[in-house]
Amino acid sequence: MSEHPPIPPVEITEQAVQNAVDAALAAIATASDTATIRAARAAHTAEGSPLSRMNAAIRDLPAERKAAAGKLVGQARARANQALADQEAVLAEVEARAQLDAETVDVTAVPPRRALGARHPLSLLMERMQDVLVGMGWEVGEGPELDHEWFVFDALNTDPDHPARSEQDTLYVAPTERHLALRSHTSTVQIRSLLERGAPLYLVGPGKVFRRDEIDATHVPVFHQLEGIAIDRGLTMAHLRGTLEHLARAMLGAEAQIRLRPNFFPFTEPSAEMDVWHPRAKGGARWIEWGGCGMVDPSVLRSCGVDPDEYQGFAFGMGIERTLQFRGDLNDMRDMIEGDLRFSRQFGMVV
Ligand code: DAH
């Protein structure tokens with residue numbers, strides 16, 4: 001037995017046909033997408049719909065009614081089918097347009113601009129200082145930030161009990177038997193480059209250095225230095241002085257001067273503290289401590305396999321943060337490490 005109630009036979013009257021057409025047209029007119037128009041077709045024009053069943057029923061009518069009924073039902077079906085085709089065309093158009101809109105690529109659109117970032121004022125200054133020396137024919141060399149104690153101290157003629165070696169000053173990396181330290185100065189680059197390249201040598205070594213310092217307005221525990229070393233036949237302190245003066249003038253203007261004061265460093269003999277005359281210092285022109293320098297100690301040359309009777313030379317080292325500080329009249333070194341864009345922008349950075 002069928003589960004569906006029997007389908008009642010259709011009657012073909014003018015009213016029944018009109019009702020079927022009206023229902024079909026209403027459903028078609030309100031169909032708003034592919035799914036609803038498909039449903040309207042199934043309900044009102046497809047096989048099993050009232051109009052289709054009326055069409056089938058014509059066959060069973062008495063002969064004299066067939067022509068009139070055929071015309072009535074035929075016109076009704078034609079109207080419904082036409083309305084269906086028209087609405088389908090409209091919806092296809094609407095849907096195609098919507099899809100095109102959704103997939104439109106605006107080839108003229110400007111993509112959102114991401115800031116690429118900019119060089120830090122310290123990096124720029126370090127590069128400028130290198131450039132001055134490179135302009136005189138010097139090479140640029142580098143060394144590792146974590147280095148063996150031999151490069152940091154021994155080869156630089158530093159006594160085993162020199163205070164700079166103490167754990168209060170230098171950061172060692174465990175296990176201590178490996179003798180690895182975060183370099184406390186870039187003077188290590190002197191040793192590495194002498195060993196690798198030998199003499200004669202004119203080399204500038206920029207880099208990051210580490211010390212156990214508390215952060216305050218004039219100290220940061222991770223900072224940068226620029227190291228210079230020149231080894232050749234017959235170099236004297238006059239060459240050292242001339243080189244530093246040239247660098248000072250490139251940094252601070254033509255009136256800048258260099259002053260050397262006696263000092264001690266294990267790796268130079270004689271050694272000097274170098275001051276720079278800053279003609280435009282905040283509060284008036286004055287001498288400012290800039291770094292250390294001297295004639296490379298013969299024992300350093302010997303450590304690197306260079307004969308001190310044949311080659312002599314000079315070396316110097318200065319802090320980049322310090323240089324940026326007095327060159328830019330900055331009160332507080334901490335501003336340099338905080339990453340605040342307002343700091344960098346003062347130096348004309350494009351961010
Ligand atoms: N390495 C020293 C420091 O960090 C600076 C220095 C002094 C470097 C004398 C030199 C030099 O090359 O000859 O304080």
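The following questions and answers concern aromatic contacts and a helix pair in this predicted model.

Q: How do helix 2 and helix 4 run relative to each other, roughly parallel or roughly antiparallel?
A: The axes of helix 2 (residues 34–44) and helix 4 (residues 63–103) come within 10 Å and cross at roughly 165°. Angles over 145 degrees count as roughly antiparallel. Helix 2 is therefore, with respect to helix 4, roughly antiparallel.

Q: Which residues of helix 4 are met by Thr-34, Ile-37 and Arg-41 in helix 2?
A: Helix 2 makes a left-handed crossing with helix 4. Thr-34, Ile-37 and Arg-41 supply the helix 2 side of the contact, and their partners in helix 4 are Leu-84, Gln-87, Glu-88, Leu-91 and Glu-95.

Q: Is the aromatic pair of Phe-343 and Phe-347 stacked, edge-to-face or tilted?
A: The structure holds eight aromatic pairs. In the pair formed by Phe-343 and Phe-347, the ring centres lie 5.2 Å apart, with 55° between the planes. Planes under 30 degrees apart count as stacked and over 60 as edge-to-face, so the rest are tilted. The pair of Phe-343 and Phe-347 is accordingly tilted.

Q: Is Phe-343 buried or exposed?
A: Its pair partner, Phe-347, is partly exposed at 29% relative accessibility. Buried means under 20% relative accessible area. Phe-343 has a relative accessible area of 6%, and so it is buried.

Q: Which residue lies over the face of Phe-151?
A: Aromatic rings also occur as a cluster, formed by Trp-138, Tyr-202, Phe-314 and Phe-316. At Phe-151, a residue is placed over the ring face, 3.9 Å from the ring centre. That residue is Arg-192.

Notes. Residues numbered from 1 in each chain as written. Predicted model: local features only at pLDDT ≥ 70, side-chain atom pairs only at ≥ 80, totals over all residues. Heavy atoms only, no water. Phe/Tyr/Trp six-rings, centres within 6.5 Å; stacked < 30°, edge-to-face > 60°. Buried < 20%, exposed > 50% of the residue type's maximum accessible area, 1.4 Å probe, protein only. Lys NZ or Arg CZ within 6 Å of the ring centre and 35° of its normal. Axes fitted to C-alpha atoms, helices over the stretch in contact; angles between N-to-C directions. Helix = DSSP H or I, 4+ residues; strand = E, 2+ residues; numbered from the N terminus. Parallel < 35°, antiparallel > 145°, perpendicular 65-115°, else oblique. Left-handed = near helix turned anticlockwise from the far one by under 90°. Contact = heavy atoms within 4.5 Å.
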